[in-house]
Amino acid sequence: MSESSATITPSTPLIARASKWFSFKNLMIVLMCLGAAGWFAYDGWIRWPGNNDRLVTSTMTTMLNDGRLAEEHRPQIEAWNKGGGWNTESKQSQEKMTNLALEAAKTGPVEGWKSPTDILTQRIIVLALLIASLVALWRLIHFARQRAIATPDSVSPSPGIVIPWEKISRVDNTRWKKVGIITITYDLGQGPQKAKFDDYELEREPLLLVLDLLSEKAVNAEFIPKEDWETPAPPPSSNPS
């Protein structure tokens, strides 16, 4: 403990920066969500509508001409072929052509037809993946700024928060072994507030030094559970930093 306080000064504080592994995993989530969104978007806006259009202009038109589809369907198929295809047709027109495709599939090779519900589902998934990408991107940017700083006089568990050691009233260690989180309670004159140190978000080795200093400097704090602070040990975290 005494080594920790001897190696830091106000001009050279002890800093536990954001975990590179945590940032990497958030970046991978962003890339995977964007990749999946691109894949589903290709199916929902290009491949599936295009395949439906090819079935109408080729297979179903051939079936119409050789008599496997009733002549009464000719206006519907010809209007579709002259138009802009699936993406420009109304929902009612898409439903009618889907019903015709199901009828044609009974007598011909109309395979791979996608209904309006199928295509709409793909597009909804794209929206959900884009939202997930934005959330992951926010986490990536937000937690890239995360750090814990300890000086001889105070500790800063996150940007914008500086807590004199003597203002810490409680140190809760009950979640450390399971999830690598220690919660502190402090009062800067605005009532009790809480902050945390997270082994998953911060570099492990510097964080352990900050926690060593916490156990030494927070002289007014109640440590819970007290026995775990006799020989503090790192949690079994997946964070390799």
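Select the four strands E7, E6, E5 and E8 in this predicted model, and they appear in that order as an open sheet whose pairing is mixed. At the edges stand E7 and E8 (222-224), each with a single partner strand, so that one side of each is left without a neighbour in the sheet. From one strand to the next the twist averages 15°.

Keep E5 and E6 in view: these strands pair in the antiparallel sense over four bridges, and Arg170 can be picked out standing opposite Thr185 in E6. Adding helix H7 shows what packs on the sheet, for H7 touches E5, E6, E7 and E8, and its direction makes about 140° with that of E7.

Next, select Ile168, Val171, Ile184, Phe197 and Leu214, which touch the most other members of the largest nonpolar core, a set of 24 residues. Among the elements that each supply at least two residues of this core are strand E1 (14-17), strand E2 (147-150) and helix H7 (204-217), and the largest share, five residues, comes from H7. A second, separate core has 17 residues, including Val56, Leu69, Ile77 and Met97.

Finally, turn to helix H5, residues 116-144, whose 29 residues reach 42 Å from the first C-alpha to the last, close to the 42 Å expected at 1.5 Å a residue. Colouring its buried residues picks out Pro116, Ile119, Gln122, Val126, Leu129, Ser133, Ala136, Leu140 and Phe143. An α-helix has 3.6 residues a turn, so residues three or four places apart point the same way. To see what covers the buried residues of H5, display helix H2 (20-65) and helix H4 (91-104), which are included in that cover.

Technical notes
Residues are numbered from 1 along each chain as its sequence is written. This is a predicted model: local features need pLDDT of at least 70, side-chain atom pairs count only at pLDDT 80 or more; totals for chains, interfaces and linings use all residues. Side-chain values use heavy atoms; hydrogens and water are left out. A nonpolar core is a set of buried Ala, Val, Leu, Ile, Met, Phe, Trp, Tyr and Cys residues joined through side-chain atoms within 4.5 Å. Buried means under 20% relative accessible area, exposed over 50%, partly exposed in between (1.4 Å probe, protein chains only). The expected span of a helix is 1.5 Å times one less than its number of residues. Contact means heavy atoms within 4.5 Å. Two strands pair if DSSP finds at least two bridges between them. Axes are lines fitted to C-alpha atoms, for helices over the stretch in contact, and angles run from 0 to 180 degrees between N-to-C directions.
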